[in-house]
Amino acid sequence: MLTEIVIDYLVVMSLLTFAAYGMDKRKAKKGQWRIPEKTLLLLAVLGGSLGALLGMYVFHHKTQKTKFVIGVPVIIAVQAAVAAGFLWLRP
């Protein structure tokens with residue numbers, strides 16, 4: 001039950017984060033107001049890291065920024081390690 005809730009949360013966060021990266025890229029092309037980089041990274045930290053990674057490469061967005069190219073995979077690795085730890089400790 002809890003596992004299903006966590007998976008649903010991560011899917012929703014990844015979809016929202018992917019959409020945010022797409023919206024920010026579109027706004028960048030139009031010279032409009034942008035989503036702050038801190039917000040994009042925060043969305044990844046809050047569970048949208050897979051959506052962030054996909055958004056970076058599908059939209060070719062933030063792929064020249066070191067803090068995204070290195071930061072998003074590091075976030076994914078940390079989240080995977082935490083998840084593995086919880087699964088390993090689970091009775």
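## Buried residues of helix H2

In helix H2, the buried residues are Glu-37, Leu-40, Leu-41, Leu-43, Ala-44, Gly-47, Gly-48, Ser-49, Gly-51, Ala-52, Gly-55 and Met-56. The cover over these residues includes helix H1 (2-30), helix H3 (66-69) and helix H4 (71-89). The structure described here is a predicted model.

## Overall architecture and confidence

The protein contains four helices and zero strands, and its elements follow the order α-α-α-α from the N terminus on. Along the principal axes, the C-alpha atoms occupy a box of roughly 50 × 25 × 20 Å. The protein has 91 residues, of which 30% count as buried. Its accessible surface comes to about 6,300 Å², and 73% of that surface belongs to carbon and sulfur atoms. Among contacts between residues at least 6 apart in sequence, 66% join residues at least 24 apart.

The average pLDDT of the protein is 94, and 99% of the residues score at least 70. Confidence is highest in H2, at a mean of 97, and lowest in H4, at 92.

## The bend in H2

Helix H2 comprises residues 37-58, and its end C-alpha atoms are only 18 Å apart. A straight helix of 22 residues would instead span 32 Å, at 1.5 Å a residue. H2 bends by about 130° at Gly-48, a residue that is itself among the buried positions of this helix.

Ser-14, a residue of helix H1, touches this part of H2. Leaving aside neighbours within four places in sequence, Ser-14 is in contact with Gly-47, Gly-48, Ser-49, Leu-50 and Gly-51; the bend residue, Gly-48, is thus one of the contacts of Ser-14. Ser-14 counts as buried because its relative accessibility is 15%, which lies under the 20% cut-off.

Ile-75, in helix H4, also contacts H2. Leaving aside neighbours within four places in sequence, its contacts are Leu-41, Ala-44, Val-45 and Ser-49. Ser-49 therefore appears in the contact lists of both Ser-14 and Ile-75. With a relative accessibility of 15%, Ile-75 counts as buried. The C-alpha atoms of Ile-75 and Tyr-57 are separated by 16 Å, and these two residues are 18 residues apart along the chain.

## The largest nonpolar core

The largest nonpolar core has 13 residues, and those that touch the most other members are Ala-20, Tyr-21, Leu-40, Ala-52, Met-56, Phe-68 and Val-72. H1, H2 and H4 are the elements that give two or more residues to this core. H2 supplies the largest share, six residues. In soluble globular proteins, nonpolar side chains tend to be buried together.

Leu-40 illustrates how the core is connected to its surroundings. Not counting residues up to four places away in sequence, Leu-40 touches Ala-20, Tyr-21, Asp-24, Ile-35, Lys-62 and Phe-68. Among these partners, Ala-20, Tyr-21 and Phe-68 also belong to the core.

## The loop between H2 and H3

Which residue with a positive phi follows H2? That residue is His-60, with phi near 50°, a positive value in a residue other than glycine. His-60 lies in the loop between H2 and H3. Its relative accessibility is 58%, so His-60 counts as exposed, the cut-off for exposed being over 50%.

Is His-61 buried or exposed? At 4% relative accessibility, His-61 counts as buried. His-61 has its place in the loop between H2 and H3. Not counting residues up to four places away in sequence, it touches Tyr-21, Asp-24, Lys-25, Arg-34, Gly-55 and Met-56. Of these partners, Tyr-21 and Met-56 are members of the largest nonpolar core, and Gly-55 and Met-56 are buried residues of H2.

Lys-62 is likewise placed in the loop between H2 and H3. Its phi is near 70°, again a positive value in a residue other than glycine. Lys-62 counts as buried because its relative accessibility is 11%. Leu-40 is in contact with Lys-62, and Leu-40 is buried in H2.

Conventions
Residues numbered from 1 in each chain as written. Predicted model: local features only at pLDDT ≥ 70, side-chain atom pairs only at ≥ 80, totals over all residues. Heavy atoms only, no water. Expected span 1.5 Å × (residues − 1). Bend = angle between axes of the 7 residues up to and from the residue. Buried < 20%, exposed > 50% of the residue type's maximum accessible area, 1.4 Å probe, protein only. Contact = heavy atoms within 4.5 Å. pLDDT = per-residue confidence, 0-100. Core = buried A, V, L, I, M, F, W, Y, C linked by side-chain atoms within 4.5 Å. Areas by Shrake-Rupley, 256 points an atom, 1.4 Å probe, with all protein chains shown as cover.
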